[in-house]
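Biologist: I would like to learn how to read a two-chain model feature by feature. Please give the general idea each time, then the case at hand.

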Amino acid sequence: MKNRGIKGETKAALLKGMHDGIPIGLGYLAVSFSLGITARNAGLNPFQAFLASLLCNASAGEYAGFTLIAASAPYIEMAIITLITNARYMLMSCALSQRISPETKLRHRFFMSMHVTDELFGIAISQPGYINPYYSYGAALVAAPCWAVGTVLGAIAGSILPLRIVSAFSVALYGMFLAVIIPPARHDRVICGIVLFCFTASAAATYLPALSGLSSGTRTIILTVAISAASAILFPRKQEETAQ
Amino acid sequence: MTHNIYIYILIMAVVSYLIRALPLTLIQRQIKSTFIKSFLYYVPYVTLAVMTFPAIIEATESPISGAVALLAGIIAAWFGASLIKVAAVCCGAVLIIELFLI
């Protein structure tokens, strides 16, 4: 009977993940479509573009990588830039590691690592309590193929979608980010203040001449580390909150 | 000097994977330090907030439609709309605003 309960739970988590993965997949289609155009311009054929997206699952990292391929940069530079543009995933993985039950098998951690992306991390971390690996698999099962397929379509078709539609699609991802950060901000003044501060700091880093030379990936990691560390010192969380 | 595109892709893939897998597999224990726990608690909110603004107003054809999408998304999320609904509200806002602008 107990076994059956776990199976039912697994199935429910998988289905819930797939359901929550749908909007992410739709957003991915639009974003990876434009990524595919970049790939084609950099000299990748559709299969190579597909392979890159299937294996990397990274937006900013892939953009940067394709630019380097176009420039025929040294391999070592590719490794360093990929490291920098994806460094935020390291932070997300650290955060995620605290939300995986000690009973979860190691192999799940290896599989879950594949799909630590901004969006999939966002929905996984917003689940209450320990994260069921099958929730992550469900979401990745729907969203990851969309990412790879969108890249191929972009590489093949260039610009078949009307500009209006691409423009509208492109905010889907940000809508999902908002759905993750705004509800806690409503209930917690500290988070609300931090979110507002992040918006301001991020805008300043983007537009101030001294800082605007940084790539968006570098900007994200610097701001994330600085603001999160300052918040942790100024507003340490109580034990039961961080366990959530 | 010519480089092989498949080697480029391999490097991208390996680095992208390791950066995610190492923390997730090496940190098996629950962290005790209040600072680190608080830091990791804030990371998702901070990183998502930083990536949302001002990127959202630069993603669309017009900054005005991006700004309206941001506002509409915040309102929808504030009142508890689900992930898919907030995303749809943002897309819809851009579509409607750009009908008038472009």
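Modeller: We go from conventions to chain A, then to the contact between the chains, helix packing and backbone geometry.

Modeller: This is a predicted model, in which local features need pLDDT of at least 70, side-chain atom pairs count only at pLDDT 80 or more, and totals for chains, interfaces and linings use all residues. Residues are numbered from 1 along each chain as its sequence is written, while chains are lettered from A and ligands numbered from 1 in the order in which they are written.

Biologist: How many helices and strands are there in chain A?

Modeller: Helices (H or I, at least four residues) and strands (E, at least two) are DSSP runs, numbered from the N terminus. Chain A has 13 helices and zero strands. Its pattern along the sequence is α-α-α-α-α-α-α-α-α-α-α-α-α. For chain A the radius of gyration, taken over C-alpha atoms, is 19 Å, close to the 18 Å of the globule rule (2.2 Å times the number of residues to the power 0.38) for 244 residues, so chain A is as compact as a globular protein of that length. Along the principal axes, the C-alpha atoms of chain A fill a box of roughly 55 × 50 × 40 Å.

Biologist: What share of the residues in chain A is buried?

Modeller: A residue is buried if 20 or more other C-beta atoms lie within 10 Å of its own, exposed if 12 or fewer, and partly exposed in between, with C-beta atoms placed from the backbone. Buried residues are 51% of the 244 in chain A. One element to look at is helix α7 (residues 118-125) of chain A: eight of its eight residues are buried, so the helix is largely enclosed by the rest of the structure. Among the buried residues of α7(A) are Asp118(A), Glu119(A), Leu120(A) and Phe121(A). Leu54(A), in helix α2 (residues 46-56) of chain A, is partly exposed, with 17 C-beta neighbours inside 10 Å.

Biologist: How many residues does each chain bring to the contact?

Modeller: Two residues are in contact if their C-beta atoms, placed from the backbone, lie within 7 Å. Chain A brings 86 residues and chain B brings 62 residues. On the side of chain A that touches chain B, helix α10 (residues 172-187) of chain A gives the most, with 13 residues. For classes, Ala, Val, Leu, Ile, Met, Phe, Trp, Tyr, Cys and Pro count as nonpolar, Asp, Glu, Lys and Arg as charged, and the others, Gly among them, as polar. That side of chain A has 56 nonpolar, 22 polar and eight charged residues.

Biologist: At what angle do helix α5 of chain A and helix α1 of chain B pack?

Modeller: Axes are lines fitted to C-alpha atoms, for helices over the stretch in contact, and angles run from 0 to 180 degrees between N-to-C directions. Angles under 35 degrees count as roughly parallel, over 145 as roughly antiparallel, 65 to 115 as roughly perpendicular and the rest as oblique. Helix α5 (residues 87-97) of chain A and helix α1 (residues 5-26) of chain B pack at about 25°, with their axes 8 Å apart. α5(A) and α1(B) are therefore roughly parallel. Residues of α5(A) including Tyr89(A) and Met90(A) meet residues of α1(B) including Ile19(B) and Leu24(B). By class, this contact of α5(A) with α1(B) has eight nonpolar, two polar and one charged residues.

Biologist: At what angle do α4 and α5 of chain B cross?

Modeller: The axes of helix α4 (residues 63-78) and helix α5 (residues 83-101) of chain B come within 8 Å and cross at roughly 150°. That makes α4(B) roughly antiparallel to α5(B). The contact of α4(B) with α5(B) divides into 13 nonpolar, two polar and two charged residues.

Biologist: Where does the backbone call for a second look?

Modeller: Most residues other than glycine have a negative phi, and most peptide bonds are trans. Asn57(A) has a positive phi near 50° and lies in the loop between α2 and α3 (59-70) of chain A. Ser72(A) also has a positive phi, about 50°, in the loop between α3 and α4 (75-85) of chain A.

Biologist: Are these two loop residues buried or exposed?

Modeller: Asn57(A) counts as buried, with 27 C-beta neighbours inside 10 Å, whereas Ser72(A) is exposed, with 12 other C-beta atoms within 10 Å. In chain B, the peptide bond from Phe53(B) to Pro54(B) is cis, with omega near 5°. Pro54(B) is found in the loop between α2 (34-52) and α3 (55-59) of chain B.
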